[in-house]
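Colleague: I would love a close look at one part of this model. Could you walk me through it and then link it to what lies around it?

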Amino acid sequence: MDSWSDDDDWFYESIKRYDLLLMFDFSSPVKFIEFNDLDSVCLIFEEENCRNEMSCFSLPKKLTVLREHEGLEKDSDFRLLSGGFSQKSVIQVKILKGTNTMLASEKDLCGLSVYKIPSENSGIIHHTNTIHSELLSPKLAHNKLDSLAMVDTNKKNVVLLDTKEFVVKGKIKTEENEEESVIIPEFVSPHSLGLCNTETGSVSIYDTRSARKCSMLHSAQPFPKTQWTLSSSFLSTSHIADSNDETKLGLLSTSGIISVLDTRNPQHTLSCEKGKDICSCSAKRNLPKIQFCPSKFPLLSISGFNPNIYIYDFSSENMKNIFVHDGHHRSSSTCENITTDHVWYKNSVMSACDNLSVHCWEYTR
């Protein structure tokens with residue numbers, strides 16, 4: 001990707017590079033992006049005084065309409081619907097679609113905080129309940145139905161929570177070597193949970209109904225002094241996959257190594273790449289992020305290394321970087337800015353950077 005000589009050149013070139021480009025600035029950096037439904041999104045802002053501002057916005061119509069009708073739509077702004085503040089510093093959030101309920105893992109909290117997003121166009125996002133648990137500030141994974149997996153950094157059991165009744169429905173005892181490392185959970189099907197060892201990049205797949213280990217997957221290139229995170233293509237699909245659907249796992253390291261694995265063939269790596277032109281600053285902050293495109297295109301995206309979002313085509317064994325969204329650094333006062341989150345919305349991406357910018361964009365294919 002060439003560097004543009006100045007902002008005028010970049011914006012001129014963006015007309016050819018993007019089918020959609022909406023750029024916003026907020027008063028605080030966005031920490032997390034979570035869609036409430038197809039028409040609204042919740043932004044969790046960086047904390048002030050150990051609490052996070054939480055705001056729900058209607059999405060710009062230019063983003064939600066069919067792309068062929070976009071030129072007829074003039075609404076290109078977020079509109080505030082509701083807002084509030086967290087009880088404590090937010091570690092991770094999950095919104096239960098169709099319920100206007102947000103579950104938050106928070107600093108120094110054993111369990112989860114429950115927040116209600118008002119259904120009317122204006123109101124307060126308020127704390128309604130605390131789900132108490134033995135797990136401290138747990139990492140979360142949701143199966144898009146009625147189960148939420150929780151695991152904490154103290155390496156205790158994985159707790160499975162019924163998201164309809166908010167009661168514990170089961171536990172998974174991890175193996176000894178997994179208890180010695182930080183684990184990140186991610187569902188790969190409604191009843192299959194992946195547990196990623198952040199130190200080794202290995203992923204253990206468990207059946208949540210029997211609490212038994214089914215398989216083990218490994219990153220293609222073990223790398224010393226690096227940490228790993230993961231994502232599942234199951235999470236990006238609009239339907240609920242069954243056991244016969246092919247689910248891909250994406251593994252991303254802080255050194256820029258990307259691996260795509262097939263959960264049905266654990267010994268085979270579908271695609272692998274060492275991200276070029278990525279200098280890792282993420283070790284000082286959160287883990288980087290990897291996401292699968294929800295369309296049928298074999299695309300994934302990564303962020304968290306610098307102000308850019310990178311899109312890769314993994315249709316071949318050696319995946320290719322096909323696009324770089326470099327618009328966030330147009331608002332940067334320093335080259336050390338880092339993207340904080342990004343999510344796919346159909347074929348578009350919403351991304352946030354710690355320089356206060358939020359972008360909605362779709363590159364020209």
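Leaving aside its neighbours within four places in sequence, which residues is Asp-152 in contact with?

Modeller: Happy to! Asp-152 is in contact with Glu-134, Leu-135, Leu-136 and Pro-138, once its neighbours within four places in sequence are set aside. Please keep in mind that this is a predicted model. As for its place in the chain, Asp-152 sits in the loop between strand 11 (147-151) and strand 12 (158-162). Its relative accessible area is 2%, and because the cut-off for buried is under 20%, Asp-152 counts as buried. One of the contacts can be described atom by atom: the side chain of Asp-152 reaches the backbone nitrogen of Leu-136 at 3.1 Å.

From here, Glu-134 is a good residue to follow, as it is among the contacts of Asp-152. Glu-134 also forms a salt bridge, with Lys-171 as its partner and 3.8 Å between the closest N and O atoms. This pair joins distant parts of the chain, with Glu-134 in strand 9 (residues 126-136) and Lys-171 in strand 13 (residues 167-172), 37 residues apart. Glu-134 counts as partly exposed, since its relative accessibility is 35%. Lys-171 is partly exposed too, at 44%. So Glu-134 is partly exposed, whereas Asp-152, which it contacts, is buried.

For context, the structure holds eight salt bridges, and two others are worth a look. In one of them, Arg-79 pairs with Asp-75, the closest N and O atoms lying 3.8 Å apart. Here Asp-75 is buried, at 15% relative accessibility, while Arg-79 is partly exposed, at 49%. The other joins Asp-207 to Arg-209, with 3.2 Å between the closest N and O atoms. Asp-207 counts as buried with a relative accessibility of 16%, but Arg-209 is exposed, with a relative accessible area of 61%.

Finally, a word on confidence. The protein has a mean pLDDT of 87, and 86% of its residues reach 70 or more. Residues 239-244 are a stretch to treat with care: the pLDDT there is below 50, although the stretch has eight contacts in the model beyond near neighbours in sequence. Where pLDDT is low, predicted coordinates should not be read in detail.

How values were computed
Residues are numbered from 1 along each chain as its sequence is written. This is a predicted model: local features need pLDDT of at least 70, side-chain atom pairs count only at pLDDT 80 or more; totals for chains, interfaces and linings use all residues. Side-chain values use heavy atoms; hydrogens and water are left out. A salt bridge is a side-chain nitrogen of Lys or Arg within 4 Å of a carboxyl oxygen of Asp or Glu. Buried means under 20% relative accessible area, exposed over 50%, partly exposed in between (1.4 Å probe, protein chains only). Helices (H or I, at least four residues) and strands (E, at least two) are DSSP runs, numbered from the N terminus. pLDDT is the predictor's confidence in each residue, from 0 to 100. Contact means heavy atoms within 4.5 Å. A polar contact is a pair of N or O atoms within 3.5 Å; within protein, one must be able to donate a hydrogen and the other to accept it, and residues adjacent in sequence count only if both atoms are side-chain atoms.
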